[in-house]
Amino acid sequence: MSAHTSLSRRQTLKFLASAPLLPLGASSALLAACGVTKQSTSAEYVSTSFTAMAAPTLADAAAMATTSVGSTLNVHYADRSTQHYKLAYQPFFITGAQVPDGKGGTILSGGYFDIHNKPIIDKSVAGKERQFFSDSPDGTSLLSIPNPTVTGIKGKAVFAVVQFEYLTRDQLGAATDKNNAYGTLPSPIAVLTLDQDQQTGKLSLVKYHNVDTSTAHGLWITCGSSLSPWNTHLSSEEYEPDAQFISENNFFKKYSKNLFGDESKANPYHYGHLPEVTINPDGSGTIKKHYCLGRISHELIQVMPDNRTVLMGDDYTNGGFFMFVADREKDLSAGTLYVAKVGAGFSVDISALGATLSWIKLGHATSAEIEKLADTLKPGDIMTSVKTDPLDTSYTKIFADGIANWIKLKPGMEKAAAFLETHRYANLVGASMGFTKMEGTTVNIKDKIAYSALQNIQNSMVKNDPAWRASTGITINKAIVAGGVFAHNLDGDQKDTSDGAIKSEWVPIKTKALLIGEDIPADALGNLANPEKIANPDNLKFSEKMRTLFIGEDSSTHVNNFLWAYNVDTKKLSRIMAMPAGAEATGLHVADEINGWTYITSNFQHAGDWSGKLHGKVKDTLDPLIKANYNDRFGAAVGYLTAEATQFTLSKK
């Protein structure tokens, strides 16, 4: 113990009331904000680092079959001392569990409901009928609101919004190991009320509320999410159903049947937009869908600190980089939509200067007017699209999700096309529609840099690939299946390509490679990408106080997907968590401070989703372990990173 008197827990919390703390399972760990003086030693907080964990191997098969954490959080002070906190993972629940509904009863976590909020029943195996529930929780936001009214709270109420992207298989599909349920069910979204222990920071679930999505026509494949600066949950609808060829989409018909009871009732133009969830004091949630941010493959978007500028990736082949500037702060119901044009210099070399970005204005609209167009227009009213060359020069050849299309816009349909056929219209106006699977986006406010994850760098980005076009300005010589993270410099006083002023100080003006994965021949475990580097990045979140970019993987190249921490000052990349083999890392969110505590949320999807060559060396060993851990592979975890209860230190030793 140091010469300074050790403070009691209560005294320490009082002294450090303004400092965010990382919650421990039954105690607390110190993570002071920059510039805060430690009262016991007068040593100022300097930085945070992570001691990396090793990737799990078959030497410890149990670690490969669960959420494995072997990393350490290190808090550094000006007197050159460091406090160390061993991290751990704490689930709120495993999907499929009955959890409290806040009314004295229970509700099925991750359960699916139709447009009338009635449970949707899995009838695929006679005699085993049960409500469908998701194995794929995804986007999560953690927040507090003023004056909550939820009963049963002993500490303080904290809320989490959790969305469930899809179900991998029904019971019949599980029996045949067939992925047969993707995209066929309306995505649920839930509000969790959590009781925050004020002595330890521990979060305990006291209420699960299923949000009524009927006013938004139901939700379609909700993937990543973010917390808006005004404290709402910004959801997503990924892989928008292709309205031009909707008759060919059998799983959209199944989706319509499950949601409405009628396979022809769902309107594809109602999906592929941006839902927003507002938390109510009683722990319920209300939803509205914004139709004016482009109908694209929305993933994890990011609103800039001006409360108006929205940066959006596009989880799509032949995708674009999009920006929306709202007319009013904290209101996404009207604004201007832009798409990027990539200039010279695009490179996957992290030492390269990068490529300039300019912005094409697609149009201005309100959500209400685009929803009305969606209600009234048919795909053929907007444009004609065919997949074989019509040998007619009035058509323009494009690539939509890697597939050649020939399209012709109907007269006067520019606005409808811009907001309801955004991918095709962006091609018509000359945008750089050449990215592959641009997923999560986040922002480093201090340095004025945004980051985007490219899950893969392949197909439409690779020279001479069938989906590649030189005119996009996006060209690499060889695919990098492991993908990478790009950084975008942000600035103001910009004009679009028609010389119109862009009313934002947060416009991306240059993009360059930050972290790039490395494809390898299969190693001894089966990894197809270097396990010491990121592979197939998906979720991104940036912590201003920790100066750390957190990266979650959706990897077809790592046997276990990982959660990484990359310090933008030291350039150190640290593996901090491994998901069960075959599972995708999802639900990443970083809350620098909620009632004085710091949280990192993380979920996973579809544990044991085996992929031939990648998992051939581990499947036989791990499959029974994962089935035992996660409800025969039907369950998945929703939870957060904490620290082991044994790390009970509130003052320096």
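Which strands each supply at least two residues of the lining of the largest pocket? The structure shown above is a predicted model, and the answer is given under the first heading below.

## The largest pocket

The strands that each supply at least two residues of this lining are strand 10 (136–143), strand 14 (226–227), strand 18 (302–303), strand 27 (435–444), strand 33 (537–543) and strand 37 (584–594). Strand 37 provides the largest share, with 6 residues. The largest pocket has a volume of about 580 Å³, and among the 25 residues that line it, those closest to its centre are L227, F542, H589, V590 and D592.

When the lining of the largest pocket is sorted by class, 13 residues are nonpolar, 7 are polar and 5 are charged. As general background, rolling a probe the size of a water molecule over the atoms shows where empty space is left.

## The second largest pocket

The second largest pocket has a volume of about 480 Å³, and of the 24 residues that line it, E240, P241, D242, Y316 and D401 are the closest to its centre. Two or more residues of this lining are given by strand 26 (403–409) and by helix 8 (422–428), and the largest share, 3 residues, comes from helix 8. By class, the lining of the second largest pocket has 12 nonpolar, 4 polar and 8 charged residues.

## A sheet of four strands

Strand 14, already named in the lining of the largest pocket, also belongs to an open sheet of 4 strands, which follow the order 14-15-16-17 with antiparallel pairing. The edges of this sheet are strand 14 and strand 17 (285–290), each of which pairs on one side only. In general, strands of a sheet pair through backbone hydrogen bonds, either parallel or antiparallel.

Strand 14 and strand 15 (residues 233–234) run antiparallel and are joined by 2 bridges, and within this pair S226 stands opposite L234 of strand 15.

## Helix 4 and its two ends

Helix 4 covers residues 250–260, and its buried residues are F252, Y255, S256 and L259. These residues lie on the same side of helix 4, because they cover an arc of only 100° around the axis. An α-helix has 3.6 residues a turn, so residues three or four places apart point the same way.

At the N-terminal end, helix 4 is capped by N249, which has a side-chain oxygen 3.3 Å from the backbone nitrogen of F251. After helix 4 comes G261, which has a positive phi, near 80°.

How values were computed. Residues numbered from 1 in each chain as written. Predicted model: local features only at pLDDT ≥ 70, side-chain atom pairs only at ≥ 80, totals over all residues. Heavy atoms only, no water. Buried < 20%, exposed > 50% of the residue type's maximum accessible area, 1.4 Å probe, protein only. Arc of directions from axis to C-beta. Polar contact = N/O pair within 3.5 Å; in protein donor to acceptor, adjacent residues only side chain to side chain. 1 Å grid on protein atoms, 1.4 Å probe; cavity = no way out; pocket = protein on both sides within 12 Å on 5 of 7 lines; lining within 4 Å. Points joined across faces, edges and corners; volume = space filled by probe spheres on them. Nonpolar A, V, L, I, M, F, W, Y, C, P; charged D, E, K, R; others polar. Pairing = 2+ DSSP bridges.
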